[in-house]
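Student: I am new to this structure, and I would like to learn how to read it step by step. Could we start with burial and then go on to rings and strands?

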Amino acid sequence: MENIPEEVKKLMKDIPVVWDETKFLCGFPGKDVVIARRKGNVWYIAGINGAKDMKNIKIDLEFIPNIKQTLLVSNGDDNRSFNLINKIKIKDKLLDIQLKSDDGFLLRVELEK
């Protein structure tokens, strides 16, 4: 835990335990899953790839109006590092994420009030 970037630690500490809304976005048992959960004006979208092959996942974010700010956390080059991307580009409310085998991501989306 001491090597995890501070921004990732803060994000993990701030994840709510009670949700206002939950949505299953896509997936198949034993292969992959993407779930979105909302608390107030923030959506947390998490996904994992449990398949043995790399997978390209397209996520329709049409259900999220007025995106103000985003933060994407995904695995880095190894299983002990992270990639942090602030203000990712979401084209036409479609997010395209490529996940290696046993890879995952967390997207935090803050809405404009």
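Tutor: Let us begin with a cut-off: a residue is called buried when its relative accessible area is under 20%, exposed when it is over 50%, and partly exposed in between. Please keep in mind that this is a predicted model.

Student: Is Ser 74 buried or exposed?

Tutor: Ser 74 has a relative accessibility of 15%, and therefore it counts as buried. Its place is in strand β5, which covers residues 67–75. Ser 74 also shows how sequence and space can be read side by side, since Ser 74 and Val 8 are 66 residues apart in sequence and 10.0 Å apart in space, taken from C-alpha to C-alpha.

Student: How many aromatic pairs does the structure hold, and how is such a pair described?

Tutor: In general, one describes a pair of aromatic rings by the distance of the centres and the angle of the planes. This structure holds two aromatic pairs. In one of them, the ring centres of Trp 19 and Tyr 44 are 5.6 Å apart and the planes stand at 75°, so the pair is edge-to-face. Because Trp 19 lies in the loop between α1 and β1 while Tyr 44 lies in strand β3, this pair ties together parts that are 25 residues apart in sequence. Tyr 44, at 8% relative accessibility, counts as buried.

Student: What are the distance and the angle for Trp 43 and Phe 63?

Tutor: The centres of these rings, Trp 43 and Phe 63, are 4.9 Å apart with planes at 80°, so this pair is edge-to-face. Trp 43 lies in strand β3 and Phe 63 in the loop between β4 and β5, so the pair ties together parts that are 20 residues apart in sequence. Trp 43 counts as buried at 3% relative accessibility, whereas Phe 63, with a relative accessible area of 23%, is partly exposed.

Student: Which residues of strand β2 are on the covered face, and which are on the uncovered one?

Tutor: The general idea is that side chains in a regular strand alternate between the two faces of the sheet. In strand β2, the covered face has Asp 32, Val 34, Ala 36 and Arg 38, and the uncovered face has Val 33, Ile 35, Arg 37 and Lys 39.

Student: How many bridges join β2 to β1, and how many join β2 to β3?

Tutor: β1 and β2 run antiparallel and are joined by seven bridges, with Phe 24 standing opposite Ile 35 in β2. Eight bridges join β2 to β3, which also run antiparallel, and Arg 38 has Trp 43 in β3 as its bridge partner.

Definitions and conventions:
Residues numbered from 1 in each chain as written. Predicted model: local features only at pLDDT ≥ 70, side-chain atom pairs only at ≥ 80, totals over all residues. Heavy atoms only, no water. Helix = DSSP H or I, 4+ residues; strand = E, 2+ residues; numbered from the N terminus. Buried < 20%, exposed > 50% of the residue type's maximum accessible area, 1.4 Å probe, protein only. Phe/Tyr/Trp six-rings, centres within 6.5 Å; stacked < 30°, edge-to-face > 60°. Pairing = 2+ DSSP bridges.
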